[in-house]
Amino acid sequence: MLEAVNRRPNLVFALIAGYFLLCVVLRLSLSSSLEIDESEQAFVSQFLMLGYGSQPPFYNWLQYGLTSLFGPSVATMTVLKNGLLFLCCLFLGLAGREMLYDRRLSAIAALGILALPPIFLLAQRDLSHTVAALFAVSLFLYGFLRVMTRQSLFAYALTGVAVGIGVISKYNFAIVPAAAILAILPEAKLRARLFDWRILVAVVVCTLIALPHGYWILQNLGAASSNTFKEMGAAQEASAFSKALKGIVALVAATLRGAALPLALFALVFRKDLASIWRAESTWTRVLGRMILICLGVVLVIMLAIGATHMREKWLVLFLVLLPLYLALKVEAAGVETTLSVRPFLFLVAFIVVTTLVVVSARAVVRPWFGKFSRLSIPYSTLVDTVVSNEGREPALVFAPSKLVAGNVRTRLHGAKVFVPGNASSPQPDDLTGPLLVVWSDGGKLDAPPPERLVAALKSLGVPETEMIAKQLALPYLHGTRQDRYGFGYFWIDDPSP
């Protein structure tokens, strides 16, 4: 197989698909409990809304559709995420074929995406909206390059679809098409593509896709933007110069952390030709290089404008995902012989990503043996099964204190509606139909009292205190020993209606 990839680089895409299939299999065998982003998706996939808070809704809509067809489960969460990641690699590989004559280099570019830490590490732990935006970036680049090389109505429409999907996947995606337009302006032959009447088709298609959520943003501007700026952070007491310096350092450091591994892999595989690759240039290296620099420059301007002092690799991955393709273009521009290049690149990438996947998966199983537990060790499935067994039936309605608890409970109770009282980004129950399960935990502490917020919500809905009889459960952790216990509390109310 490794020998064949040098002769048939298309096999690389089959191997990439195999890797993501392995990700799905390991995740399903690992735990029935959910991570933070997974539990949020399991919770909000009950509702089809124009907006869900600080994140755009495209990923939520996809999850809603998949959940409606197959029910909420770890499988529906995992298949969607890894399916989109595979499509990201596929479309960026196809985009490479629009610019690269050498099919081996387009395969190498697709493999290089897997070497980005947010792809092979963070996405396998807890990412959702960023994954949808990565797919949108790859689809946009493919459509945009088809516009530049073939100039068909389909290519313009596809580009409009990609931009529409992108802006409702992650707000910072809008930087990418803006950077692409600026990047081709110095190239006279490419610049003319912007003034073709068919670009109006792209604008119309994009507008139609983004319009529903755009309307929601106008009504909820604060909810759509506040969390992003808060996460980027600002040193409130620092001087403007100090904040600017910290912001620049944070951006440079995050860029280096995100780009280091792909750069190292290309440098290792093509080490004999580094000097000529560094000097090589073509139309497409200039365009893609400008895109990356413009994207990072816009991010820096935003950071300086809002006084942000914090930056993470996952926030830059939408731009750094262009890096492997840029490096492949540099290699082709240098005229480097690539006949034997795919196999060593594939071997290095496979070693890194598969080893990381196995280690991360094994840690979730092995660490509980030594008393170290994660969210994947919390026995939510045992909780639901125990409550249903004790009460003799499933609840019709569930109240939970957080999306983490709510999402985990919902994957085990497909017929129940699950709510987080007081959560502003999701609907609240308009009537109480029993039986009602109210469940909580306080970090696994045994005999934890019910949160006042849940009690207050029940009282406001007319549930008398006499019905709030707390029951406690101490359940063994998943993969732990029988002595290790996680505490839950719950109310079971047969008839909650006042």
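Just after helix α4, G71 takes a positive phi of about 85°. The model is a predicted one, and this glycine is a handy place to start looking around. Helix α4 itself runs over residues 58-70, which makes 13 residues. From its first C-alpha to its last it reaches 18 Å, close to the 18 Å expected at 1.5 Å a residue. Tucked away in this helix are F58, Y59, N60, Q63 and T67, which are buried. And what do the buried residues of α4 pack against? Their partners are α3 (36-44), α5 (74-99), α8 (129-149), α9 (153-167) and α21 (403-410).

Helix α19 can be checked in much the same spirit. It covers residues 342-366, and its 25 residues should span 36 Å at 1.5 Å a residue. The C-alpha atoms at its ends turn out to be 35 Å apart, so the expected and modelled spans agree. Buried residues in α19 include V342, F345, L346 and V349 towards the start of the list, with I352, V353, T356, L357, S361 and A364 making up the rest.

Charged side chains come next. Side chains of opposite charge can pair when their charged atoms come close. A search of the whole structure turns up 15 salt bridges. One of them joins R27 to E38, with the closest N and O atoms 2.9 Å apart. R27 sits in helix α2 (residues 11-30) and E38 in helix α3, so this pair ties together parts that are eleven residues apart in sequence. Are these two residues buried or exposed? Both R27 and E38 are buried.

The salt bridge between R104 and D102 has an N to O distance of 3.8 Å. Here the two partners fall on either side of the 20% cut-off for burial. R104 has a relative accessible area of 23%, so it is partly exposed, while D102 comes in at 17% and therefore counts as buried.

Another salt bridge brings together the side chains of K471 and E391, at 2.9 Å from N to O. K471 belongs to strand β4 (residues 471-476) and E391 to helix α20 (residues 380-391), so the pair links parts that are 80 residues apart in sequence. K471 counts as partly exposed because its relative accessibility is 33%. Elsewhere, salt bridges with shared partners join E187, E281, R286 and R290 into one network.

What about a charged residue that is buried but has no salt bridge? K330, found in helix α18 (residues 323-333), fits that description. The nearest side chain of opposite charge is E281, and it is 6.5 Å away. That is outside the 4 Å limit for a salt bridge. Leaving aside residues up to four places away in sequence, K330 touches I277, W278, A280 and T285.

Finally, there is a greasy spot on the outside. I248, V252, L256 and L304 form a nonpolar patch on the surface, and together they have about 350 Å² of accessible area. Which helix gives the most to the patch? That is α14 (residues 240-269), with three residues. V252 has its place in this helix, and a relative accessible area of 44% makes V252 partly exposed.

Methods:
Residues are numbered from 1 along each chain as its sequence is written. This is a predicted model: local features need pLDDT of at least 70, side-chain atom pairs count only at pLDDT 80 or more; totals for chains, interfaces and linings use all residues. Side-chain values use heavy atoms; hydrogens and water are left out. Patches are made of residues with over 30% relative accessible area and no salt bridge: like charges are joined within 9 Å, nonpolar side chains (Val, Leu, Ile, Met, Phe, Trp, Tyr) within 5 Å. Accessible areas come from the Shrake-Rupley method with a 1.4 Å probe; for residues, only the protein chains shown count as cover. Helices (H or I, at least four residues) and strands (E, at least two) are DSSP runs, numbered from the N terminus. Buried means under 20% relative accessible area, exposed over 50%, partly exposed in between (1.4 Å probe, protein chains only). Lys and Arg count as positive and Asp and Glu as negative; His and the chain ends are not counted. Contact means heavy atoms within 4.5 Å. The expected span of a helix is 1.5 Å times one less than its number of residues.
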